[in-house]
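Biologist: Please show me the model, and I will ask how each label was earned.

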Amino acid sequence: MRPGRIYQNKQFLESILNEAGFKKNQLIMPIIIHEKRRVKGDGMMPGAVSDCKNEIFQAVYDGLDVGIDSFMLFGIPMIRNSKGSRALMNQGIVQRSTRKIRDEFGSRVQIITDVCVCQYNESGHCGITNYVGNQVENDPTTHLLSKIALSHAQSGADIVSPSSMMDGQVSRIRKLLNGNGFSKVKVMPFSVKHSSNLYAPFRAIAFNSKLRGKPYIDKSTYQISFSNRREALREIVVDINEGADIVMIKPTLTYLDLILMIRENIGDFPIAIQLVSGETAMIKAAAQQKWIDESEWIVQTIASAKRAGADKIITYAALDIANFMA
Ligand SMILES: [Zn+2]
């Protein structure tokens, strides 16, 4: 008798996750909300919805039905401007969507919001750029980020998640939240966001027609170099000292060593990781060619991130994984 494994078998997939000690409540499901635009189903990027109550609610119900109660909102606005100021409007895409979800689902859901300006400004950079050389200006950007985070908290967010990699972004946000009565709102910075083209599928949908076709945006002056271990740990320690409640590392698959190293250095402090759009797209594309088994690869990816030390996992495959564990 040959002990062959049964692929696509739910028990087998579930056992991989169980052995790694992974629990469903560790999943965070991203919802990408497009303002006033119909979203065509995109197999590479699940989780995208239009700015319409029914679609947003359906995404949340889909998660709740399989035991996911934590949702991370990314907004894709219709209009960009030079300062990215629509990111902090009370009627902005994330603010409106947060209020809708909170009104409908109350405390049954945890709402996490992405706090950045790259979807809102004309440069596509994660900060305010100056007029010479398109350099990102750190301090005006952290000032803007703190105001965006406050507007998300006022709309009902439980956790704000600054993703622009500016120095001092956590302390500035923490201070403004505390000063406005939101000391219970948590801050989960993208602490170690590597400069990577694995974000390409997300960027492709995030860029409106004005930016589409624009060459690759070089964010290496503020995102982290993939080759520097000590810089990654330093960024984590700085964020913890500034008042972060959870630290985050992304992408995942080529950084498992860093996740482990950071886990070994910060004890029990919560670590989130994100399997970014390119990581999901690679798996899905290969599976479409029937070169690999999508379910097994997704599950092994999650198990490896958990094994390396991740507490929370943000993934476009959250529904699939929860289904394997149902
Ligand atoms: Zn950004």
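Biologist: Why is Cys116 called buried?

Modeller: Buried means under 20% relative accessible area, exposed over 50%, partly exposed in between, with a 1.4 Å probe and protein chains only. Cys116 has 3% relative accessibility, so Cys116 counts as buried. Cys118, with a relative accessible area of 9%, is buried too. This is a predicted model, where local features need pLDDT of at least 70 and side-chain atom pairs pLDDT 80 or more, while totals for chains, interfaces and linings use all residues. Residues are numbered from 1 along each chain as its sequence is written, and side-chain values use heavy atoms, without hydrogens and water.

Biologist: What makes Cys116, Cys118 and Cys126 donors of the zinc ion?

Modeller: Donors are N, O and S atoms within 2.8 Å of the metal (3.2 Å for Na, K and Ca); water is not among the atoms, so sites may look incomplete. The SG atoms of Cys116, Cys118 and Cys126 lie at 2.2 to 2.3 Å, so they count as donors. Their spacing in sequence is C-x1-C-x7-C.

Biologist: How do you know that the buried residues of α5 are on the same side?

Modeller: In helix α5 (residues 169–179; helices are DSSP runs of H or I, at least four residues, and strands of E, at least two, numbered from the N terminus), the buried residues are Gln169, Val170, Ile173, Arg174 and Leu177. They cover an arc of only 120 degrees around the axis, so they lie on the same side of α5; the arc is that of the directions from the helix axis to the C-beta atoms. On the other side, Lys175 and Gly179 are exposed.
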